[in-house]
Structure formats: structure tokens, C-alpha cells
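The following exercises concern one protein model and are each followed by a worked solution. Please study the sequence and the structure before reading on.

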Amino acid sequence: MARRDGNDQPLGDVIKNLLKVYGVDKKLNDMDVALAWKEVMGEPIANKTRTLKVSNKTLVIYLDSGVLKEEFSHAKQKIVKLMNDHLGRELLNDVKIY
């Protein structure tokens with residue numbers, strides 16, 4: 001039987017560390033945010049969203065509608081809360097709208 005040493009870790013933790021080391025975790029987070037955006041905001045708003053990206057815990061949104069830009073600029077903290085709640089973790093602290 002194999003001997004165990006003191007460096008045992010759960011497989012999930014090992015995988016998370018590997019993803020972080022290779023920078024894949026950020027891409028997965030971006031993908032999670034893009035999917036959540038469509039689910040939280042709905043198809044009509046997702047269709048008016050040109051680009052969506054996460055940079056330093058800030059959700060950067062490029063919209064095609066001036067009306068949506070104005071509305072969203074007044075609801076930034078609500079957007080952060082809705083997205084973080086939907087994702088089940090705190091990925092976002094701020095929103096920038098262009």
C-alpha cells in the first residue's frame with residue numbers, strides 16, 4: 001500500500017490552482033459572466049450588447065443603445081449585485097459602460 005505524505009490536497013483545489021497558474025481561470029470567468037449577462041438581462045438587452053469583458057473585477061459593457069447606456073449608468077451597483085448573485089461568487093466590483 002502507498003504511503004501518504006502531508007501534501008495531500010483535494011482534487012478540486014489542485015485543478016483550481018492549475019487553472020490559475022495557466023491563466024485559464026480568467027477566461028472561464030469571462031465566459032461565465034457572458035453567459036450570466038444573457039440570462040440575467042435577457043435576450044433583448046444581450047442583443048444590444050456589442051462587447052462584454054471583465055478587467056480587474058470591473059465589468060466593461062459596450063452597448064449599441066444610448067437609452068440603455070443612460071439607464072445602466074444609474075444602476076451600476078444593482079448590475080454588480082445581480083451578476084454576482086447569479087454567478088454565486090463575487091467576480092465583479094464595478095461596471096463601466098460605453
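A residue is called buried at under 20% relative accessible area, exposed at over 50%, and partly exposed in between, with a 1.4 Å probe and protein chains only. The model is predicted: local features need pLDDT of at least 70, side-chain atom pairs count only at pLDDT 80 or more, and totals for chains, interfaces and linings use all residues. Residues are numbered from 1 along each chain as its sequence is written, and side-chain values use heavy atoms, with hydrogens and water left out.

**Exercise 1. Classify lysine 78, lysine 69 and threonine 58 by accessibility, and place each in its element.**

Solution.

Step 1. Helices (H or I, at least four residues) and strands (E, at least two) are DSSP runs, numbered from the N terminus. Lysine 78 belongs to helix H5, residues 76–87. Its relative accessible area is 58%, so lysine 78 is exposed.

Step 2. Lysine 69 sits in helix H4, residues 66–73. Because its relative accessibility is 30%, lysine 69 counts as partly exposed.

Step 3. Threonine 58 is part of strand E2. With a relative accessibility of 12%, threonine 58 counts as buried.

**Exercise 2. Describe the surroundings of these three residues.**

Solution.

Step 1. Contact means heavy atoms within 4.5 Å. Neighbours within four places in sequence being left aside, threonine 58 touches Lys53, Leu92, Asp94, Val95 and Lys96.

Step 2. On the same basis of leaving aside neighbours within four places in sequence, lysine 69 is in contact with Leu63, Ile97 and Tyr98. A distance of 9.8 Å separates the C-alpha atom of lysine 69 from that of lysine 96, and the two are 27 residues apart along the chain.

Step 3. For lysine 78 and valine 95, 17 residues apart along the chain, the C-alpha separation is 9.9 Å.

**Exercise 3. Examine the backbone of asparagine 56 and lysine 57.**

Solution.

Step 1. Asparagine 56 lies in the loop between E1 and strand E2 (58–63). Lysine 57 is placed in the loop between E1 and E2.

Step 2. The phi angle of asparagine 56 is near 55°, a positive value in a residue other than glycine. Lysine 57, not a glycine either, has a positive phi of about 65°.

Step 3. Asparagine 56 has a relative accessible area of 74% and is therefore exposed. Lysine 57 has 36% relative accessibility, so it counts as partly exposed.

**Exercise 4. Characterise the two largest pockets.**

Solution.

Step 1. On a 1 Å grid over the protein atoms alone, a pocket is an open set of points where a 1.4 Å probe fits, with protein on both sides within 12 Å along at least five of seven lines; lining residues have an atom within 4 Å of a point. Grid points are joined across faces, edges and corners, and a volume is the space filled by probe spheres set on the points.

Step 2. The largest pocket has a volume of about 230 Å³. Its lining consists of Lys26, Asn29, Asp30, Val54, Ser55, Asn56, Lys57 and Leu91. Helix H2 (24–41) and strand E1 (49–55) are the elements that give two or more residues to this lining, and H2 supplies the largest share, 3 residues.

Step 3. The second largest pocket holds about 180 Å³ of space. Lys16, Asn17, Leu19, Lys20, Asp25, Leu28 and Asn29 line this pocket. Helix H1 (11–21) and H2 each give two or more residues to its lining, and H1 gives the most, with 4 residues.

Step 4. Ala, Val, Leu, Ile, Met, Phe, Trp, Tyr, Cys and Pro count as nonpolar, Asp, Glu, Lys and Arg as charged, and the others, Gly among them, as polar. The lining of the largest pocket divides into 2 nonpolar, 3 polar and 3 charged residues. For the second largest pocket, the lining has 2 nonpolar, 2 polar and 3 charged residues.

**Exercise 5. Summarise the overall fold and the confidence of the model.**

Solution.

Step 1. The protein has 5 helices and 3 strands, in the order α-α-α-β-β-α-α-β from the N terminus on.

Step 2. The C-alpha trace spans about 65 × 20 × 20 Å along its principal axes. Of the 98 residues, 26% count as buried.

Step 3. The predictor's confidence in each residue, pLDDT, runs from 0 to 100. The protein averages a pLDDT of 88, and 94% of the residues score at least 70. Confidence is lowest in H1, at a mean of 79, and highest in strand E3 (residues 94–97), at 97.
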